[in-house]
Amino acid sequence: MATSLASVPLEMRALQVTEFNAPYELRTIPVPKPGPHDLLVKIAVASYCHTDSMVAAGKFKSKLPQTASHEGSGTVVAVGDSVSSFKVGDRVMCGIPLHPCGECEDCTGPNESYRQYCTNITGHIGVTTQGCAADYAVADSRTSTKLPEAVTFLSAAPLACAGRTVFRAVRQTELQPGAMGRDRGDRAAVWDISGSSLRAHAGSRS
Ligand SMILES: [Zn+2]
Ligand SMILES: [Zn+2]
């Protein structure tokens, strides 16, 4: 039995792909139920990424109807029985991978970036499982991130995909905060993270 607010409704609005290569449709559907490791998040912001256009074009063979957006932020309104790191009321950025197994070669191997490719995964929210362009979304607590008060929902939503992509790239350079690094191609990167912003600049120094 998940812990939740009594005020969670039974139905919600969701922006869905109901047909590939066609406009989104705003539909009323049941509010999803969180599993043991999941959060039910009242979505504040769902942002749009190029991948959303690929989902809408059928590139991922998503099962329709598919609720859009893999970039969501909001407030936790229910947690599954096995969730200990989040509580109702927490502000979060929704993790995209839903239920990676934690046991396969991708999940346990040395390359952190392979974990999203777990072959036993339930799916990726907004791509192959229901997404964040809705009043509520289910996200895996093990891939979601608690937000500091200084980070707005608007700033946080795109960090779920675009932000994490940049963050991983900068981490792989092993740059320290505030440092500048150069690679052999004479490209440079500056790493700057503060309470309310995350910026990575990369480009040619010439
Ligand atoms: Zn796995
Ligand atoms: Zn994306």
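**Exercise 1. Getting an overview**

Task: Find what share of the contacts in the protein chain between residues at least 6 apart in sequence join residues at least 24 apart.

Solution. Among those contacts, 65% join residues at least 24 apart. Keep in mind as you explore that this is a predicted model. The protein chain contains 3 helices and 14 strands, and 31% of its 206 residues are buried.

**Exercise 2. Checking the confidence**

Task: What is the mean pLDDT of the protein chain, and what percentage of its residues reach 70 or more?

Solution. Begin with the whole chain: the mean pLDDT is 87, and 83% of the residues reach 70 or more. Then turn to residues 193–206, where the pLDDT is below 50. In the model this stretch has 24 contacts beyond near neighbours in sequence.

**Exercise 3. A three-stranded sheet**

Task: Work out which strands stand at the edges of the open sheet that contains β3, β2 and β5.

Solution.
- Step one: write down the order, which is β3-β2-β5, with antiparallel pairing.
- Step two: count partners. β3 and β5 each have a single partner strand, so they stand at the edges and one side of each is left without a neighbour in the sheet.
- Step three: look at one pairing in detail. β2 and β3 are joined by 6 bridges in the antiparallel sense, and one example is Arg13, whose bridge partner in β3 is Thr28.

**Exercise 4. A residue in β3**

Task: Is Ile29 buried, exposed or partly exposed?

Solution. First locate Ile29: the residue sits in strand β3, residues 25–30. Next, count its surroundings. There are 16 other C-beta atoms within 10 Å; a buried residue needs 20 or more and an exposed one has 12 or fewer, so Ile29 is partly exposed. Finally, look at its company. Beyond neighbours within four places in sequence, Ile29 is in contact with Glu11, Met12 and Ala14. Leu15 lies 14 residues from Ile29 in sequence, with a C-alpha to C-alpha distance of 10.0 Å.

**Exercise 5. The nonpolar core and β4**

Task: Which residues have the most contacts inside the largest nonpolar core?

Solution.
- Step one: the core has 35 residues, and those with the most contacts inside it are Leu39, Val41, Cys94, Cys132 and Ala137.
- Step two: see where the core comes from. β2, β4, β6, β7, β10 and α3 each supply at least two of its residues.
- Step three: turn to β4 (38–47). Of its 10 residues, 7 are buried, so β4 is largely enclosed by the rest of the structure.
- Step four: find the partners of β4. Antiparallel pairing links β4 to β10 over 5 bridges and β4 to β6 over 8 bridges. Val41 has Ala137 as its bridge partner in β10, while Lys42 has Thr75 in β6.
- Step five: follow Val41 outward. Not counting residues up to four places away in sequence, the residues Val41 touches include Gly72, Val76, Val92, Cys94 and Ala137.

**Exercise 6. The helix α3**

Task: How does the expected span of α3 agree with the distance between its end C-alpha atoms?

Solution. At 1.5 Å a residue, the 20 residues of α3 should span 28 Å; the end C-alpha atoms are 27 Å apart, which agrees. Now look along the helix for a bend: α3 bends by about 65° at Leu159. Leu159 is also one of the buried residues of α3, together with Ala156, Ala157, Ala160, Cys161 and Val170. Just after the helix comes Glu174, with a positive phi near 60°.

**Exercise 7. Unusual backbone geometry**

Task: Where is the cis peptide bond, and which residues have a positive phi without being glycine?

Solution. Here is the background: most residues other than glycine have a negative phi, and most peptide bonds are trans.
- The cis bond joins Leu64 and Pro65, with omega about 0°. Pro65 lies in the loop between α1 and β5.
- Asn21 has a positive phi near 60°. This residue is in the loop between β2 and β3, and counts as exposed because it has 8 C-beta neighbours inside 10 Å.
- His99 has a positive phi of about 65°. The loop between β8 and α2 holds His99, which is partly exposed, with 18 other C-beta atoms within 10 Å.
- Glu174, from the previous exercise, also has a positive phi.

Notes: Residues numbered from 1 in each chain as written. Chains lettered and ligands numbered in written order. Predicted model: local features only at pLDDT ≥ 70, side-chain atom pairs only at ≥ 80, totals over all residues. Helix = DSSP H or I, 4+ residues; strand = E, 2+ residues; numbered from the N terminus. Contact = placed C-beta atoms within 7 Å. pLDDT = per-residue confidence, 0-100. Pairing = 2+ DSSP bridges. Core = buried A, V, L, I, M, F, W, Y, C linked by C-beta atoms within 7 Å. Expected span 1.5 Å × (residues − 1). Bend = angle between axes of the 7 residues up to and from the residue.
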